Structures are given as C-alpha cells and as structure tokens.
Amino acid sequence: MNILLDDGLQLHIGTGIGSYAKYLGEALAALPDTTVTREDFAPAGGRRAARLSYLKYLNSAAYREKLAAFDVVHYANYALPKKHPPHTAVAVTVHDLTAFSHPETLPRAYALYNRFMVRRAMKHADIIFTVSNAMKGEICARFPRAAKKVVAVHPGHYTGATEDVTPAVYESEILKGLTKRKFFLFVGTVEKRKNLTELIRAYNLLQQTCPAARDYALVLAGRQGFGAKAVTDLVSSAPDTADIRLAGFVSNADRAKLFGEAAAFVFPSIYEGFGSPQTEAMAAALPLIVGDIPTNREVSGAYASYYPLGDESVLANLMREVVLGKLKADPAAAKARLSRYDWQQSAATVRQALEAACKTK
C-alpha cells in the first residue's frame with residue numbers, strides 16, 4: 001500500500017496534530033508492504049500566510065497529479081481539497097468538533113472555516129478516523145450520514161519527551177529555580193479551551209488556605225493561543241506569594257525534566273478529542289488531576305482524580321491532597337493504563353481500515 005500522509009502543516013507549526021502525524025506515519029511505515037510518504041510542502045511566511053499558501057497548493061493541478069501516484073491519501077488534519085483522482089482513496093482524521101460544540105473557544109473566522117472544512121470531510125472522505133470512542137459518538141450523532149465511515153483509533157503514547165535524558169538544569173530561564181516535586185504542571189496550548197483561568201484560581205485558593213503549599217509553584221508550558229490574554233492577566237494579578245510560571249513552548253529536554261520532577265499534572269480542559277498529555281503524565285508516573293469530561297474518563301480511567309468543571313474549590317482540594325501526600329501516583333497502575341496506547345496497534349488498525357477503503361475505489 002502506497003500512502004501519502006498530509007498533516008496540513010501541523011508538524012511545521014508544532015502542534016499535537018503534527019506529533020500525531022509523525023508517530024502514526026512512522027508506525028505505518030514499519031508495517032509490511034506499506035510505504036508512507038510525508039507531504040513536504042513548506043511555505044514561507046507567517047502562520048496565516050502559510051495556511052493560505054497550503055490551501056492554494058492543496059487545490060492545485062500539481063497536487064492532484066501527485067496524488068495519482070498513491071493508493072490512499074490520509075489527511076491527519078481535517079482539511080481536504082475539492083477534488084481527488086478517482087482511484088485514490090481519501091482518509092481524514094477529525095480529532096474533535098470544537099468548532100461545533102465550543103465555538104466560543106475559537107476565533108470566529110477560524111470556527112466558521114473549521115466547520116466548513118469538517119463538513120466537506122464528512123461528505124467526501126472514504127474513511128473518517130477519530131481519536132476516541134467519545135469523539136466517534138459525537139461525530140456520528142452530528143453527522144449521521146457519515147456514521148458508517150467513522151473509525152475510532154486511540155493514538156499511541158508520545159514517547160519523545162519522556163525518553164530524552166533529563167538535563168541537570170532547565171534550558172529555559174523561566175524554569176530555573178524550580179524545586180523537584182514542588183510544582184504543579186500543565187503542558188499544552190495556553191488557550192481558552194484549556195480552562196487555565198480555573199486552574200490559576202484553584203492554585204491561588206490553595207496558596208491562601210494551605211500553608212504547606214506556599215512553596216509550590218504552578219508551571220504552564222505551551223505556546224499561546226486564542227484567549228491567552230485572560231490567562232496572562234490573571235497571572236499578572238496573582239498574589240505576591242504565588243509562583244506561576246508561563247514557560248511558553250519548551251524544548252523536549254525541558255519537557256522531560258518537567259514531567260520527571262513535577263508533583264502532579266493538572267489537566268482542566270473543558271473539551272478534548274483525546275488529550276495526550278494525560279498519557280505523558282502516566283509515563284512519568286505522576287498523580288493526574290483532570291476535569292470530568294467523557295474523553296478524560298475514556299483515556300485515564302481509574303488512574304486519574306476527577307473534579308467537576310467549574311468547581312475550583314474541589315480542584316484546590318485535590319491539589320492540597322498532593323501537597324499533603326494523600327494523593328499519590330501508582331506506578332504499576334500507570335504502566336498498566338499506558339499499555340493501552342501503542343502506536344503499532346494503532347497503525348495496524350488504521351492500515352486495515354485504509355485497505356478496506358481502497359477496495360471501494
């Protein structure tokens with residue numbers, strides 16, 4: 001099987017979807033009788049200009065001619081061109097339906113664009129992958145005509161950060177001075193959907209009500225996205241006793257050190273397709289505190305501690321239990337849960353579905 005894997009510039013930008021495409025592509029390429037070619041279009045310019053250049057390329061005659069050499073093209077993001085060669089099967093991964101279920105967490109123009117492109121994918125793709133059973137149910141409910149084409153495949157565990165040798169000191173100046181096991185960690189895009197204002201308020205409440213927590217920091221590591229200003233404003237107005245560090249995008253070495261030394265990982269997101277940082281926390285055997293949403297229940301099961309979204313006092317209490325040593329990770333349970341997320345198993349399921357799609361052409 002000859003596959004073209006197109007990640008829609010996500011690896012170029014540096015997103016979780018880019019990592020998904022990278023790991024999936026490598027796992028598919030390791031399977032027998034499977035050749036994977038990564039789409040290598042790399043436009044110049046800023047993010048918006050690059051996106052427009054990519055969409056123009058995607059709908060060009062040159063791109064359609066390129067597709068003719070492949071059995072299947074797999075779009076790891078949701079964007080599809082208007083036309084494909086008739087004999088080339090078309091697969092797409094729709095990671096979530098944020099633009100439909102939580103449009104307020106996205107820029108308005110992007111939400112409109114996203115909804116348009118997802119609807120196109122639902123109509124024209126031969127096979128639609130998604131990353132959790134919860135998301136499959138949501139897609140099938142919203143797009144019943146596409147339901148027979150939807151296949152849920154859990155991603156594997158992203159091993160890059162935890163496999164790196166942990167450096168003696170952080171590369172980022174912002175992270176220097178952190179004390180091992182004396183900070184709470186969040187890793188991901190700093191955006192409205194991640195609900196970080198609630199985490200900051202819970203941390204501030206913890207500082208006010210638990211003297212033992214006053215030497216604990218809160219680290220938010222990730223590039224800034226839509227709604228980040230509300231986060232930065234809240235950090236700026238935090239009490240003097242608070243130690244909140246907006247680290248921005250961090251290197252793999254710093255990421256590994258953060259996961260290796262945090263007291264706990266906190267994931268307060270209001271909506272996720274999968275939520276891969278949870279598996280990184282499991283790999284590091286960290287206590288895991290997450291918002292109580294269906295995908296988090298599916299991914300983390302009994303390993304995580306859950307709090308009801310909107311109740312920062314419950315979140316603060318769970319963080320207090322970490323500080324007091326009452327909430328601890330179970331390395332054996334973490335390892336057992338993590339074993340569910342294997343890229344080779346994921347790739348084998350994806351390839352089987354791609355093969356079935358090819359037979360319909």
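Here are some notes on the predicted model shown above.

1. Starting with the fold elements: the protein has 16 helices and 12 strands. Both kinds of secondary structure are there to look at, so to speak, as you step through the chain.

2. On overall size, the radius of gyration comes out at 21 Å, and a compact globule of 361 residues would sit near 21 Å, so the two agree. If you want box dimensions, the C-alpha atoms fill roughly 65 × 40 × 40 Å along the principal axes.

3. Burial next: 54% of the 361 residues count as buried. The accessible surface adds up to about 15600 Å², and carbon and sulfur atoms account for 53% of that.

4. For contacts, take the pairs of residues at least 6 apart in sequence: 70% of those contacts join residues at least 24 apart.

5. Charges: there are 44 positive and 34 negative ones in the protein, and their mean positions lie 6 Å apart.

6. One residue to click on is Ala-284. You'll find Ala-284 in the loop that runs between α12 (277-283) and β11 (288-291). Is Ala-284 buried, partly exposed or exposed? Its relative accessibility is 23%, and buried would need under 20% while exposed would need over 50%, so Ala-284 counts as partly exposed.

7. A distance to go with that: Ala-284 and Asn-204 are separated by 80 residues in sequence, and C-alpha to C-alpha they are 26 Å apart in space.

Note on methods: Residues are numbered from 1 along each chain as its sequence is written. This is a predicted model: local features need pLDDT of at least 70, side-chain atom pairs count only at pLDDT 80 or more; totals for chains, interfaces and linings use all residues. Side-chain values use heavy atoms; hydrogens and water are left out. Helices (H or I, at least four residues) and strands (E, at least two) are DSSP runs, numbered from the N terminus. The radius of gyration is taken over C-alpha atoms; the globule rule is 2.2 Å times the number of residues to the power 0.38. Buried means under 20% relative accessible area, exposed over 50%, partly exposed in between (1.4 Å probe, protein chains only). Contact means heavy atoms within 4.5 Å. Accessible areas come from the Shrake-Rupley method with a 1.4 Å probe; for residues, only the protein chains shown count as cover. Lys and Arg count as positive and Asp and Glu as negative; His and the chain ends are not counted. The place of a charge is taken as NZ of Lys, CZ of Arg, CG of Asp or CD of Glu.
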